[in-house]
Amino acid sequence: SGLPKPSFDHLTDPFDTSEFHRLYRVIPVQSIHMLIITWALPPQRRNYRVKPLCYVSWLVGHEGKGSILSFLRKKFWAVTLSAGNAETGFEQNSTYSMFRISITLTSEGYEHFYEVAHVVFQYMKMLQIMGPDRRIWKEIQKISYNEFSFQDQADPFNYVENICGNMHLFCKQDFLTGDQLLLDYRPEV
């Protein structure tokens with residue numbers, strides 16, 4: 001219809017309430033202990049070429065030597081860790097972005113719940129102090145390019161649906177790649 005797409009840029013700090021910035025304990029239905037830490041961030045849609053949350057989740061979710069998970073496993077406090085903003089259904093909205101770290105704890109890890117949380121916050125502080133590393137960003141960029149280049153052929157219906165969605169989010173030249181590739185290195189973002 002030629003109308004501009006709606007924007008909600010005027011809505012800032014959607015989670016700036018006293019109900020957030022809190023610890024909630026939820027009794028699970030299953031016998032599992034999880035620590036989930038969630039940050040509400042400014043919308044990242046305009047940063048799709050840089051994908052800063054992809055960079056951070058890559059580092060936080062790393063499982064090798066020196067990683068959060070490696071440290072927690074040595075202490076027998078955790079089994080798995082995942083981090084990121086994807087697969088929530090609203091990672092490209094114009095109001096906010098969420099960054100989430102989920103850790104599956106062992107029974108002993110549950111007993112050391114606060115120490116586990118402290119390790120996560122120490123690691124996040126270290127990343128903040130160190131700042132972005134171009135070499136790591138290039139490595140993630142190359143891996144995402146390889147995954148894009150050698151992906152299985154998608155179902156045509158899903159492929160068209162995905163591109164149509166991308167047309168509402170990205171510049172014309174990025175309709176096919178904007179949701180998958182890291183295109184620009186901008187450490188300030």
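Visitor: How far apart are the mean positions of the positive and negative charges of the protein chain?

Guide: The two mean positions are 6 Å apart, taken over 19 positive and 20 negative charges. Lys and Arg count as positive here, Asp and Glu as negative. Keep in mind that this is a predicted model.

Visitor: What makes up the fold of the protein chain?

Guide: The protein chain has three strands and six helices. Read from the N terminus, the order is β-α-α-β-β-α-α-α-α. The C-alpha trace spans about 55 × 40 × 35 Å along its principal axes.

Visitor: Which share of the residues counts as buried?

Guide: Of 189 residues, 31% count as buried. A residue earns that word when its relative accessible area is under 20%.

Visitor: Why is D174 called buried?

Guide: The relative accessibility of D174 is 4%. The cut-off for buried is under 20%, so D174 falls on the buried side. D174 lies in the segment after α6, a helix covering residues 156-167.

Visitor: Which residues is D174 in contact with, leaving aside its neighbours within four places in sequence?

Guide: They are Y48, R49 and L183. Each has a heavy atom within 4.5 Å of one in D174, and therefore the word contact applies.

Visitor: What makes D184 and R49 a salt bridge?

Guide: The closest N and O atoms of D184 and R49 are 2.7 Å apart. The rule asks for a side-chain nitrogen of Lys or Arg within 4 Å of a carboxyl oxygen of Asp or Glu, so the pair qualifies. The two residues are 135 places apart in the chain: R49 sits in the loop between β1 (33-41) and α1 (52-60), and D184 in the segment after α6.

Visitor: Are D184 and R49 buried, partly exposed or exposed, and how do you know?

Guide: D184 has 24% relative accessibility, and R49 has 25%. Partly exposed covers the range between under 20% and over 50%, so both residues belong there.

Visitor: Which residues are linked with R49 in a network of salt bridges?

Guide: D174 and D184 are linked with R49 in that network.

Visitor: How do you know that R135 and E139 form a salt bridge?

Guide: Their side chains meet at 3.6 Å, N to O. That is within 4 Å, so the pair counts. R135 and E139 both lie in helix α5 (residues 134-149), four residues apart, which is about one turn of the helix.

Visitor: Why do R135 and E139 get the words they get for exposure?

Guide: R135 has a relative accessible area of 56%, and exposed means over 50%, so R135 is exposed. E139 comes to 36%, between the two cut-offs, and therefore counts as partly exposed.

Visitor: What makes E188 and R186 a salt bridge?

Guide: Their closest N and O atoms are 3.2 Å apart, and the limit is within 4 Å. E188 is exposed because its relative accessibility of 61% is over 50%. R186, at 35%, counts as partly exposed.

Visitor: How many salt bridges does the rule give?

Guide: The count comes to four.

Visitor: What does UniProt place at residues 148-188?

Guide: An unreviewed UniProt entry gives the feature "domain: Peptidase M16 middle/third" for those residues. In this model the span is 34% helix and 0% strand, with its end C-alpha atoms 26 Å apart.

Methods. Residues numbered from 1 in each chain as written. Predicted model: local features only at pLDDT ≥ 70, side-chain atom pairs only at ≥ 80, totals over all residues. Heavy atoms only, no water. Buried < 20%, exposed > 50% of the residue type's maximum accessible area, 1.4 Å probe, protein only. Charge placed at Lys NZ, Arg CZ, Asp CG, Glu CD. UniProt positions renumbered as here; feature names shortened; annotations may be inferred.
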